Amino acid sequence: MNRPEEGTTLRAKLCKLLTSPITELRDLVAELLFVLCKENVSRMVKYTGYGNAAGMFATKGLLGRSQAETAYSSESEDSETEEYQKYKERINPVTGCFEHSKPNPFEGMTEEQKEYEALKLVNLVDKLTKEGVVRPCRIGDDGKPEPIEHVLELQNELPKQQYGRKDSDSE
């Protein structure tokens, strides 16, 4: 029900350190948690939230590609408790915590209003890209982000991403 970095538990304290500016400490804690999660990306996201672990995934080249399973001798393959399974659909994987239902922001808007808001968003993202605040990337063959020159280059990757998505939905 709480964010992974909130609280006084050991897990909370370690998750806080995943965003530490002390890079040596951050990297060591990330490696420790990754090993404790049996080097399983899904399990790491489940226990720390994707936002806390994204830096380590990028460094290790684990973004957007499946990994080889590492053999561990532990019997606990399924780490999901009854409480977790009950709320699993409402847990935000980025923050790693339960989120209450939110009202639909588009409720009561006409199609023209929705289109206007979408164009405003596109213009804001374009402005951030032109100013260099945001740099679009794609996931390379090594699993690490690669900068691209123009956002339209992402369209070349769409068929490959959609093909890969079928496999990830079955999990």
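A residue counts as exposed when its relative accessible area is over 50%, as buried when that area is under 20%, and as partly exposed in between. The legends below use these words for a predicted model.

**Figure 1. Threonine 59 is an exposed residue of helix α4.**
Threonine 59 has a relative accessible area of 58%. The cut-off for exposed is over 50%, so threonine 59 falls in that class. Its side chain has a polar atom 2.9 Å from the backbone oxygen of glycine 55. Which residue lies 86 places from threonine 59 in sequence but 9.3 Å from it in space? Proline 145 does, with the distance taken from C-alpha to C-alpha.

**Figure 2. The whole protein chain has 7 helices and 4 strands.**
How are the helices and strands ordered along the sequence? The pattern reads α-α-α-α-α-β-β-α-β-β-α. The protein chain holds 171 residues, and 22% of them are buried. Its exposed surface comes to about 13000 Å². Carbon and sulfur atoms supply 54% of that area. Take the contacts between residues at least 6 apart in sequence: 47% of these join residues at least 24 apart.

**Figure 3. Helix α2 packs against helix α4.**
Two packed helices are described by the angle between their axes and the distance between the axes. Here α2 covers residues 23-36 and α4 covers residues 50-60. What angle do the two helices make? The angle is about 85 degrees, and the axes are 10 Å apart. That makes α2 roughly perpendicular to α4. By class, the contact has 4 nonpolar, no polar and 2 charged residues. From α2 come Ala30, Glu31 and Phe34. They meet Met56, Phe57 and Lys60 of α4.

**Figure 4. Glutamate 5 is a buried residue in the segment before α1.**
Helix α1 spans residues 10-17, and glutamate 5 is found in the segment before it. Is glutamate 5 buried or exposed? Its relative accessible area is 16%, under the 20% cut-off, so glutamate 5 counts as buried. Which side chains make polar contacts with the side chain of glutamate 5? Arginine 3 makes one, at 2.9 Å. Asparagine 52 makes another, also at 2.9 Å. Leave aside the neighbours within four places in sequence, and glutamate 5 is in contact with Ala12, Cys15, Lys16 and Asn52.

**Figure 5. Lysine 38 and glutamate 39 sit in the loop between α2 and α3.**
Helix α3, which covers residues 41-48, follows this loop. Most residues other than glycine have a negative phi. What is the phi of lysine 38? Lysine 38 has a positive phi of about 60 degrees, although it is not a glycine. Glutamate 39 has a positive phi too, near 50 degrees. How much of each residue is accessible? Lysine 38 has a relative accessibility of 14% and therefore counts as buried. Glutamate 39 has a relative accessible area of 26%, which means that glutamate 39 is partly exposed.

**Figure 6. Tyrosine 87 belongs to helix α5 and touches Met1 and Phe98.**
Helix α5 covers residues 82-87. Tyrosine 87 is partly exposed, with a relative accessible area of 24%. That value lies between the two cut-offs of 20% and 50%, so tyrosine 87 is classed neither as buried nor as exposed. Which residues does tyrosine 87 touch, not counting residues up to four places away in sequence? They are Met1 and Phe98. Phenylalanine 98 is 11 residues from tyrosine 87 in sequence. In space the two are 7.2 Å apart, C-alpha to C-alpha.

Terms used: Residues are numbered from 1 along each chain as its sequence is written. This is a predicted model: local features need pLDDT of at least 70, side-chain atom pairs count only at pLDDT 80 or more; totals for chains, interfaces and linings use all residues. Side-chain values use heavy atoms; hydrogens and water are left out. Buried means under 20% relative accessible area, exposed over 50%, partly exposed in between (1.4 Å probe, protein chains only). A polar contact is a pair of N or O atoms within 3.5 Å; within protein, one must be able to donate a hydrogen and the other to accept it, and residues adjacent in sequence count only if both atoms are side-chain atoms. Contact means heavy atoms within 4.5 Å. Axes are lines fitted to C-alpha atoms, for helices over the stretch in contact, and angles run from 0 to 180 degrees between N-to-C directions. Angles under 35 degrees count as roughly parallel, over 145 as roughly antiparallel, 65 to 115 as roughly perpendicular and the rest as oblique. Ala, Val, Leu, Ile, Met, Phe, Trp, Tyr, Cys and Pro count as nonpolar, Asp, Glu, Lys and Arg as charged, and the others, Gly among them, as polar. Accessible areas come from the Shrake-Rupley method with a 1.4 Å probe; for residues, only the protein chains shown count as cover.
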